[in-house]
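Here is a short briefing on one protein model. Keep the structure open beside the text and find each part as it comes up.

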Amino acid sequence: PGDLPPQVRALLVGCLQKDRKTRIGDIAVARFLLEQGLAVPDARGVPVADARPARSMWLTWGSAAVAVASLLAALMMWLRSEPAPVVSTPVRLTADIGVDASMDGNLGASSILSPDGTVLAFAAEKTLGEGAALYVRRLDQLGATPLNGTEGAQSPFFSPDGKWIGFFAQGKLKKVAVTGGAAITLCDAPAGRGGSWSEDGSIIFTPYGQAGTGLHRVSAEGGASEKVSELANGEASQRWPQVLPGGKAVIFTSPPALGDYGDYANSAIVLQPLPTGPRKILVKGGAYARYVPSGHLVYVRASSLFAAPFDLKRLEVTGPAVPVLEGVSAGFQSGGAQFDLSGNGTLVYVPGQAAADTAPIQWLDRTGRLSSLRSAAANWSNPSFSPDGRVLAMDIHDGTQSDVWTFDVERNTLSRLTFDPADDLRPVWTPDGRRIAFASTRGAPSIFNLYWQRADGTGEVQRLTNSKASQHPSSFHPNGRTLALMENVPNNASDVIMLPIEGGEQGGWKTGAPSPFLKGPFIESSAMFSPDGRWVAYLSNESGRNDIYVQPFPGPGGKYQVSVAAADDPTWSRTAPEFFYLNRSDLRMMVVPYRTAGDAFRADTPAVLNETRISVRPRAPSRDLDLHPDGKRFVVAGGEEAAARKVDKVVFVFNFDDELRRVAPVKARD
């Protein structure tokens, strides 16, 4: 009211001050001032006087006392009540990474945020084929700064204090300071699949991408690593780990078979207590899980991000998962995904769909021209021509399992060869074209052994090997009596094994004892016999990258390096002294003329066959191409439009933790 005494007005102003130090916060103080008729300071702290006598003023004070008391009572209830939480609306922003380069989305997240959300770190390459390096960009700056000594970097991750970045490169686990300086090697990691820096100063990581290994731990200062977990039955790998806050457990992605992620429906998210304890499955049908401080488990399935409430004390999911974001780039080959979350509730991700898993079959001639062989798209891999070139064998994944199929080139017809509910893949023809050998898990879940059957589909499938280690066939010797195969071994490596085969169609076939051809601490695979059977070409990572070497068969003799860059898919020509391989860095075909003299092998300098870049298949272990017996054309999945997409933008979502609380509420529990 306009005639309210100035003392009353000042009293109300004093009760409503936001600053606790100047606010009258107790009803007893207000009553004392009313009863004593003392001067009350106004909003500026100056006492308010009134010329009227105290007795004549009392009626006015008394008439206002009830209203004041009621107002103060309501005010105190408001002050003592718990304020409602403020929920912020997510803010989305697309941003360049700050350098003219492209990120790789095939493995773990290439772009990550520091724990406080102020620094973006990412792995990218400026020129296709030169290899990625680490960059850091502070979010208050426009440009990114390269970190020297990080060439070949993949799957980076921050230390808890945000001062260091761990990463994988050249077959090692390394770290580098965010401010720059020398990169420090911590331990061996031949093909790392994710790491997590624990609060206790150790790093838990997956050292090897192939089957047969669990999680390892190493000090952040470096040294020998030790095993943290063993693979369970039916488990092919443990990858993309994250140590939970407090260090009591680690979560990781568990696939039943490598390269068989499909839409991630077959993989699981598993929790392993630390240092020991019984593991438990948290989520069936998901991958690349991350715990965030909002109390959620966030993971990817296909190209969608899901979130589920998670109790960090009980280490369990406490509510249903809900989709929270569409269009997150992910890779079916590795089970990785392109997103990261900071401790302050910010999400960063690379937009896109999951890596393409279907493609047509195309011809690629020596000039680089592409033409259609089979236009219908399928999730196919490991093409292999029959000796006469009329039939192409391959494995096709239908979303549930892989089987061997044959495609008649002349009749343009596709036929299924294997029908077992297990996975069958990596077909290899016998030199006479009568049989096809392949790898299968029909003997034991997630363990591939070798089988074969007649190429026309008649007769029974015959088992060729019985091993506790996974095996995949590579090629037959021209005499048909020796099959080269790759075998995974427990020390994070793989060996090339030769399997003798005796007998015939009339009396039956039997296999002899396998013998190692290449055995050691490296990943050696894809052994391919030369057309005359005198040489074996194979892949090895002994240099820190995949290179192709040639050795005489059956030996002894020296080895000769053929490739000059990261290589894949060694291929002999049957019509000329030429050797081909795929440059894995820039996805172009390379040709290597060679000559032999006695036990000596002489390879010319590799040259680019043509400028067409080809698409690689999203499943492993795989070959991405094969050469037709006429030596003039290759079969491939696609061209550079599918192979070379520049990835130089990320999306930030600020206040993402509030969005998680809204769509997947976390309920308080006793």
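The points below cover a pocket, a strand with its partners, and an open sheet.

This is a predicted model. The second largest pocket has a volume of about 730 Å³. Strand S23 is mostly covered. One open sheet has four strands.

**The second largest pocket**

- A general point helps here: rolling a probe the size of a water molecule over the atoms shows where empty space is left.
- The volume of the second largest pocket is about 730 Å³.
- In total, 36 residues line this pocket.
- Closest to the pocket's centre are Phe158, Ser196, Gln242, Asp340 and Leu341.
- Several strands give two or more residues each to the lining: S5 (111–113), S9 (154–158), S13 (195–197), S17 (239–243), S21 (287–292) and S26 (339–341).
- By class, the lining holds 20 nonpolar, 13 polar and three charged residues.

**Strand S23 and its partners**

- As general background, strands of a sheet pair through backbone hydrogen bonds, either parallel or antiparallel.
- Strand S23 spans residues 304–311, and seven of its eight residues are buried.
- Strand S22 (residues 296–301) runs antiparallel to S23, and six bridges join the two.
- Val300 stands opposite Leu305 in S23.
- S22 and S23 make a hairpin with two residues between them.
- In that turn, Ala302 has a positive phi of about 55°.
- S23 also pairs with strand S25 (residues 322–326), in the antiparallel sense, over four bridges.
- In this pairing, Ala307 faces Val322 in S25.
- Strand S24 (residues 316–317) is joined to S23 by two bridges, again antiparallel.
- Here Asp311 stands opposite Glu316 in S24.
- S23 and S24 form a hairpin too, with four residues between the strands.
- Leu315 in this hairpin takes a positive phi near 55°.

**The open sheet of four strands**

- What is the order of the strands in this open sheet? The order is S29-S28-S53-S52, and the pairing is antiparallel.
- Which strands are the edge strands? They are S29 (370–378) and S52 (626–627), and each pairs on one side only.
- Strand S28 covers residues 359–365 and pairs with S29 over five bridges, in the antiparallel sense.
- Ala359 stands opposite Ala378 in S29.

Key:
Residues numbered from 1 in each chain as written. Predicted model: local features only at pLDDT ≥ 70, side-chain atom pairs only at ≥ 80, totals over all residues. Heavy atoms only, no water. 1 Å grid on protein atoms, 1.4 Å probe; cavity = no way out; pocket = protein on both sides within 12 Å on 5 of 7 lines; lining within 4 Å. Points joined across faces, edges and corners; volume = space filled by probe spheres on them. Nonpolar A, V, L, I, M, F, W, Y, C, P; charged D, E, K, R; others polar. Pairing = 2+ DSSP bridges. Buried < 20%, exposed > 50% of the residue type's maximum accessible area, 1.4 Å probe, protein only.
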